[in-house]
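Student: I would like to practise reading a protein model feature by feature. Could you take me through one?

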Amino acid sequence: VRAPPRSAFSDAAGKSIALLQAEHSEVQAAQSTLKQALDASRLIKDNSSRASALTFIALAQAKCGDNQEARVTLRDAVRVGRWIHNADGVTSNSRSATLSDIALAQSRVGDVDAARATTQESLQAARSMKDEHQSISAMRQIALVQVKNADFDGSQATLHEALAKARSMSNHYGKVPALGEIAFAQALAGDKKAARLTIDDALREIRANKDALGISYYPCEIVKAQLEVSGVAEALQTAKSMSEKPSQVSALICIADAQVKSGDFIGALNTARAINLLDRDRGVECIAGIAIAQAGVGDSISAQATSRDLLAIADELLKKRSVNDSTTTNGDSVFWASSYIALAQAKSGLGHEALETVRDFMIPHWNEEDGWFLAYAPVVLSFCRDQLKNGYATQVCELAERIPNQIDRIAVLLCLAEAIREEQKHAVPTK
């Protein structure tokens with residue numbers, strides 16, 4: 001997990017601040033903030049980053065009640081998005097994805113005709129991609145945007161085109177995951193019958209080419225589709241058949257996420273422990289997510305137990321990488337692993353333990369260039385809210401003063417101030 005580039009900070013921060021202002025009925029202040037964010041976006045040289053920034057700003061404008069301005073901003077974003085190219089001048093693979101995001105935003109602000117036109121531009125960009133698998137992936141994403149925009153006929157046509165393209169592929173290593181991606185999209189679009197047929201196509205492809213592919217070649221895309229169509233049991237069976245560790249880890253993470261969403265926390269923890277045996281960092285992240293989910297449904301006792309188990313699992317990992325090892329890779333690993341643990345502890349009510357995790361592991365490995373707030377602004381605010389609820393606002397403030405990244409230090413203090421403001425706003429006045 002890495003933070004976005006610093007160049008993206010000013011417009012992203014402006015959007016976040018404006019949304020907070022809008023939520024507190026400070027519409028005039030929010031509009032002023034968004035004007036500053038728009039000015040900042042003009043300084044972004046990369047067309048992909050600039051188009052994305054304009055999209056974020058437009059959604060914030062809509063949140064502030066200014067739909068007309070949001071539509072104008074999104075049309076500017078489309079104009080910028082058309083100029084997304086690779087260094088060699090060829091249409092960039094990110095052009096299609098960026099235009100799809102803009103189309104979805106246009107639909108959200110009620111500009112339906114513009115959304116459909118932008119979707120068609122995105123589809124043309126996807127068709128022009130040289131890499132077949134990337135082209136199919138882009139089409140799958142476009143089809144899902146069409147579903148969200150209530151263009152069900154368009155979505156079905158896009159997936160039909162992507163499926164024909166996938167079936168014609170001669171590269172089996174690309175063909176199988178492409179079929180899996182399409183099946184996943186078909187399921188999300190509500191056509192589980194078609195998704196089942198596409199999954200079976202992919203499985204037949206594996207069996208027919210097992211000598212070339214390897215008998216244990218089951219890409220993660222198939223597991224995602226199986227989760228949507230037939231549930232956890234079949235997906236787990238496929239994941240256990242995988243021989244490539246990264247694919248198996250990715251598949252198990254998808255399964256654990258599905259188990260959490262269904263409320264099967266025991267099953268999710270068993271899956272997370274299997275992940276931990278394969279990849280400690282991803283295992284820690286997954287178990288932390290389960291603790292946060294448990295706290296989210298009000299089961300603080302289970303959340304605390306999971307958080308304590310998590311720290312015991314991660315303790316050796318964190319200490320081993322912290323001692324006499326200042327390499328960027330391991331420093332980042334300790335920082336992010338401990339950040340997940342601290343979030344889980346705070347969310348489950350273990351405020352003191354969360355402070356210790358931040359103090360002992362996060363602050364010593366805080367990257368001065370790419371820190372916490374730049375990557376996860378809403379998460380930082382959530383952490384501050386939880387620690388305020390736990391009664392540790394003063395200690396968070398003291399720890400924030402020790403953060404070496406100046407933007408992060410200011411941002412954490414601002415988030416803490418916002419959390420305090422929220423609490424005061426919702427507090428019951430005493431006589």
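Tutor: Gladly; we will go from the overall fold to helices, cores, cysteines and salt bridges. Keep in mind that this is a predicted model.

Student: Let's begin with the fold. How many helices and strands are there in the protein?

Tutor: The secondary structure is a good place to start. Here the protein has 23 helices and zero strands. Next, look at burial: of the 431 residues, 48% are buried. The accessible surface is about 20800 Å², and carbon and sulfur atoms hold 52% of that.

Student: And what share of the contacts joins residues 24 or more positions apart?

Tutor: Among contacts with a separation of 6 or more, 60% are between residues 24 or more positions apart.

Student: How should I read a single helix? Let's take H6.

Tutor: Compare its span with the expected one, then ask what covers it. Helix H6 covers residues 112-127, which is 16 residues, and its first and last C-alpha atoms are 23 Å apart, close to the 22 Å expected at 1.5 Å a residue. Its buried residues are Ala114, Ala115, Thr118, Thr119, Ser122, Leu123, Ala125 and Ala126.

Student: Which helices cover the buried residues of H6?

Tutor: The cover includes helix H4 (67-81), helix H5 (93-108), helix H7 (132-148) and helix H8 (152-167).

Student: Now the cores. Which residues have the most contacts inside the largest nonpolar core?

Tutor: The general idea is that in soluble globular proteins, nonpolar side chains tend to be buried together. In this model the largest nonpolar core has 55 residues, and Phe383 and Cys384 have the most contacts inside it. Helix H18 gives the most to this core, with nine residues. A second, separate core has 27 residues, including Ala166, Val176, Ala183 and Ala185.

Student: You mentioned Cys384. Why is there no bond between Cys384 and Cys415?

Tutor: A disulfide is a covalent bond between the sulfur atoms of two cysteines. The closest cysteine sulfur to that of Cys384 is in Cys415, and at 5.3 Å it is too far for a bond. Cys384 is itself buried, with a relative accessible area of 0%. Cys286 is buried as well, at 13%. Across the structure, the number of disulfides is zero.

Student: Is Gln387 buried or exposed?

Tutor: Read the accessibility, then list the neighbours. Gln387 sits in helix H21, and its relative accessibility of 0% makes it buried. Setting aside neighbours within four places in sequence, Gln387 is in contact with Ala346, Gly351, Ala354, Leu355, Tyr392, Ala393 and Val396.

Student: What about Ile420?

Tutor: Ile420 belongs to helix H23 (residues 406-426). Its relative accessibility is 29%, so Ile420 counts as partly exposed. Ile420 and Lys389 are 31 residues apart in sequence, while their C-alpha atoms are 9.5 Å apart in space.

Student: On to charges. How many salt bridges are there?

Tutor: The cut-off to apply is a side-chain nitrogen of Lys or Arg within 4 Å of a carboxyl oxygen of Asp or Glu. By that rule the model has 18 salt bridges. One of them joins Glu353 and Arg308, whose closest N and O atoms are 3.8 Å apart. Glu353 is in helix H19 (residues 351-362) and Arg308 in helix H17 (residues 300-322), so this pair ties together parts 45 residues apart in sequence. Both ends are partly exposed: Glu353 has a relative accessible area of 25%, and Arg308 has 45%.

Student: Where do Asp386 and Lys347 lie, and how far apart are they in sequence?

Tutor: Their side chains meet in a salt bridge with an N to O distance of 3.2 Å. This pair links distant parts of the chain, with Asp386 in helix H21 (residues 377-389) and Lys347 in helix H18 (residues 328-347), 39 residues apart. Asp386 is buried, at 8% relative accessible area, whereas Lys347 is partly exposed, at 31%.

Student: Which residue forms a salt bridge with Arg359?

Tutor: That is Asp360, with 2.8 Å from N to O. Arg359 is partly exposed at 36%, and Asp360 is partly exposed at 36%. Salt bridges can also join up into networks, and here Lys35, Asp39 and Arg42 are linked in one.

Technical notes: Residues are numbered from 1 along each chain as its sequence is written. This is a predicted model: local features need pLDDT of at least 70, side-chain atom pairs count only at pLDDT 80 or more; totals for chains, interfaces and linings use all residues. Side-chain values use heavy atoms; hydrogens and water are left out. Helices (H or I, at least four residues) and strands (E, at least two) are DSSP runs, numbered from the N terminus. Buried means under 20% relative accessible area, exposed over 50%, partly exposed in between (1.4 Å probe, protein chains only). Contact means heavy atoms within 4.5 Å. Accessible areas come from the Shrake-Rupley method with a 1.4 Å probe; for residues, only the protein chains shown count as cover. The expected span of a helix is 1.5 Å times one less than its number of residues. A nonpolar core is a set of buried Ala, Val, Leu, Ile, Met, Phe, Trp, Tyr and Cys residues joined through side-chain atoms within 4.5 Å. A disulfide is a pair of cysteine sulfur atoms within 2.5 Å.
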